[in-house]
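Please open the structure in a viewer and keep the sequence beside it. The tour proceeds by selection, one stop at a time.

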Amino acid sequence: MSLSIRNQIPGTVTAITSGEVMATVRVRATGGQDITAAVTREAVESLGLAEGSAVRVLAKSTEVSLATGAVDGLSIRNQLPGTVTSVETGNAMASVKVAVEGAELTAAITRDAVDALKLETGSPVVALIKSTEVALASA
């Protein structure tokens, strides 16, 4: 299956915490980062997820935010440090590619944000992705 989601990071499930309807799934990405996904229990079951399962972490580029440094006091669990590898700007929006350990992410952010953060190739950033915006696919 081909997907339009550009951000696809391979990893391995390290923990699953199930609730009544939802579950949190912790994934160790191939680059060593821990990424948390909040998905339905039904998704965990239908994908056959268990500790040790190989998965792909999926996040739409519109769900990736960027910061110029680590952010404390924030509920967003997925904070991946990286370096900007390219910035393509349009009149209103921009596509920013970020190299993180073992993968590349794309963030679709406003041109105003690019300007305010002074983002350019080589800029250090932290990619932020809410757990509820992370999907999983069996590998």
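The stops below concern a sheet, a core, a buried polar residue, two charged pairs and a loop residue.

The model is predicted: local features need pLDDT of at least 70, side-chain atom pairs count only at pLDDT 80 or more, and totals for chains, interfaces and linings use all residues. Residues are numbered from 1 along each chain as its sequence is written, and side-chain values use heavy atoms, with hydrogens and water left out.

**Stop 1: the open sheet**

Select β3 (34–40), β2 (22–29), β1 (7–18), β4 (54–59) and β10 (135–138). Strands here are DSSP runs of E with at least two residues, and helices are runs of H or I with at least four residues; both are numbered from the N terminus. In the order β3-β2-β1-β4-β10, these 5 strands form an open sheet with antiparallel pairing. Two strands count as paired if DSSP finds at least two bridges between them. At the edges are β3 and β10, each of which pairs on one side only. From one strand to the next, the twist averages 45 degrees; the angle runs from 0 to 180 degrees between N-to-C directions, along axes fitted to C-alpha atoms.

Now keep only β1 and β4 in view. Their antiparallel pairing extends over 6 bridges, and I9 stands opposite V57 in β4.

**Stop 2: the nonpolar core**

Next, select V25, L66 and L136. Within the largest nonpolar core, which has 33 residues, these three touch the most other members. Such a core is a set of buried Ala, Val, Leu, Ile, Met, Phe, Trp, Tyr and Cys residues joined through side-chain atoms within 4.5 Å. Buried means under 20% relative accessible area, exposed means over 50%, and partly exposed lies in between (1.4 Å probe, protein chains only). Strands that each supply at least two residues of this core include β1, β2, β6 (78–89) and β9 (124–129). In soluble globular proteins, nonpolar side chains tend to be buried together.

Centre the view on L66. Leaving aside residues up to four places away in sequence, L66 has contacts (heavy atoms within 4.5 Å) with V96, V98, A107, I109, L117, L119, V125, V126 and A127.

**Stop 3: a buried asparagine**

Select N78 in strand β6. Is N78 buried or exposed? N78 counts as buried because its relative accessibility is 1%. A polar atom of its side chain lies 2.7 Å from the backbone nitrogen of T36. The backbone oxygen of I129 lies 3.0 Å from a polar atom of the N78 side chain. Beyond four places in sequence, the residues that N78 touches include D34, A127 and V134.

**Stop 4: the salt bridges**

How many salt bridges does a search of the whole structure find? The search finds 2, a salt bridge being a side-chain nitrogen of Lys or Arg within 4 Å of a carboxyl oxygen of Asp or Glu.

- Select D34 and R28: their side chains meet at 2.7 Å, N to O. D34 is partly exposed at 29%, and R28 is partly exposed at 40%.
- Select R41 and E45: their closest N and O atoms are 3.8 Å apart. These residues are separated by about one helical turn because they are 4 residues apart in helix α1 (residues 41–47). R41 is partly exposed at 32%, whereas E45 is exposed at 54%.

**Stop 5: a loop residue**

Finally, select K118, in the loop between α2 (111–117) and β9. Phi of K118 is near 55 degrees, a positive value in a residue other than glycine. With 67% relative accessibility, K118 counts as exposed.

Methods: Polar contact = N/O pair within 3.5 Å; in protein donor to acceptor, adjacent residues only side chain to side chain.
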